[in-house]
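User: Please take a close look at how the strands are paired in this model, and at what is packed against them. I am a first-year student, so please explain each term as you go.

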Amino acid sequence: MQDKITKILKAIADPTRREIFHALIIATTALPITQLSNQFVISRQGVTKHLKTLEEAGLIVISNQGRERYCHANAKPLQEINQWLKFYEQFWDTSLKNLSSYLDKKI
Amino acid sequence: MNDSIKKEHVFQHPIDKVWDAISIEKEISSWFIKADFKAEKGYYYTFNSEGEHCTQINGVIVEADPYTLIYTWIVEGTKAETTVKWTLEEVEEGTKLYLEHSGISEYEGDTAVDMFNSFNNGWNNCINKLTEYLKAVYAG
């Protein structure tokens with residue numbers, strides 16, 4: 001099932017893609033792909049491939065400005081996953097605490 | 001990023017006592033959520049079946065053999081199916097529980113946000129009420 005969250009999880013599962021994403025987050029501004037590629041040992045073609053995966057997940061946006069292609073990071077999809085996880089982390093913690101005191105009081 | 005939530009907890013109680021608490025309708029309704037529940041494979045359960053402002057959760061029992069309990073977890077108003085797995089193990093101090101809630105990757109991004117919002121409005125209330133209930137019952 002290739003839905004949105006699956007794509008996001010797949011995109012950030014790869015260490016190089018995480019580095020690329022991280023570099024764009026730190027830059028806070030759109031970077032030309034040429035400049036971004038120079039920061040990585042892998043080929044420009046390799047970087048472009050990773051960028052495409054990140055773009056499909058909605059984690060980066062690529063735009064053309066003149067001859068150069070620029071990309072910038074978009075962290076919003078990650079927040080959606082984070083919210084889900086944070087909610088259930090807390091939910092299960094609370095529930096297990098309740099279970100624990102329930103068992104303690106049960107005769 | 002992992003797509004599941006895992007919890008471990010040791011209860012200083014015998015394994016059967018913990019098993020009953022997580023698998024018997026009356027007990028689940030006491031500490032967890034008001035339930036229509038039978039620990040039988042194939043049973044369609046409902047949590048918050050009588051809740052007025054509570055988000056309903058339902059699903060089917062996938063496995064219910066001591067000491068493993070697995071059921072699907074579908075939040076009302078969403079189509080995505082997640083899975084909750086309870087596993088108990090006897091340890092020296094009592095009983096060790098492994099809890100796993102998996103399947104977030106089944107959610108579409110927007111659905112995850114909708115669900116989160118609906119919980120904020122509904123479900124948290126139910127949990128708070130539950131905590132109050134427990135406090136009141138065990139106050140003496």
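Analyst: Chain A contains 5 helices and 3 strands, these being DSSP runs numbered from the N terminus (H or I over at least four residues for a helix, E over at least two for a strand). Read along the sequence, the elements of chain A follow the pattern α-α-β-α-α-β-β-α. The model is predicted, with pLDDT of at least 70 needed for local features and 80 or more for side-chain atom pairs, while totals for chains, interfaces and linings use all residues. Residues are numbered from 1 along each chain as its sequence is written, and chains are lettered from A and ligands numbered from 1 in the order in which they are written.

The average pLDDT of chain A (the predictor's confidence in each residue, from 0 to 100) is 85, and 93% of its residues score at least 70. Within chain A, confidence is highest in helix α4 (residues 44-56), with a mean of 94, and lowest in helix α1 (residues 4-11), with a mean of 75.

The sheet itself belongs to chain B, where 3 helices and 7 strands are found, arranged from the N terminus as β-α-α-β-β-β-β-β-β-α. In space, the open sheet of 7 strands in chain B has the order β1-β7-β6-β5-β4-β3-β2, with antiparallel pairing; two strands pair if DSSP finds at least two bridges between them. Because β1 (4-11) and β2 (35-36) of chain B each have a single partner strand, they stand at the edges, and one side of each is left without a neighbour in the sheet.

Further inside the order, β4(B) and β5(B) run antiparallel and are joined by 6 bridges, and a hairpin leads from β4(B) to β5(B) through 2 residues. On the other side of this pairing, β5(B) is linked to β6(B) by 7 bridges, again antiparallel. Tyr71(B) in β5(B) is a useful residue to follow, since Ile61(B) stands opposite it, while its bridge partner in β6(B) is Val84(B). Leu69(B), in turn, has Trp86(B) in β6(B) as its bridge partner.

Across the sheet lies α1(B), which covers β1, β4 (57-65), β5, β6 and β7 (94-102) of chain B and runs at about 165 degrees to β6(B); such angles, from 0 to 180 degrees, are taken between the N-to-C directions of axes fitted to C-alpha atoms, for helices over the stretch in contact.

The packing also involves chain A. The largest nonpolar core has 23 residues, and Val18(B) and Ala35(B) have the most contacts inside it; a core is a set of buried Ala, Val, Leu, Ile, Met, Phe, Trp, Tyr and Cys residues joined through C-beta atoms within 7 Å. Two or more residues come from each of α5 (76-105) of chain A and α1 (15-23), α2 (25-31), β3 (44-47), β5 (68-75) and β6 (81-91) of chain B. Setting aside its neighbours within four places in sequence, Val18(B) is in contact (C-beta atoms, placed from the backbone, within 7 Å) with Leu103(A), Phe11(B), His13(B), Leu88(B), Thr95(B) and Leu97(B).

Of the 140 residues of chain B, 30% count as buried, that is, with 20 or more other C-beta atoms within 10 Å of their own (12 or fewer is exposed, in between is partly exposed; C-beta atoms are placed from the backbone).

Terms used:
Two residues are in contact if their C-beta atoms, placed from the backbone, lie within 7 Å.
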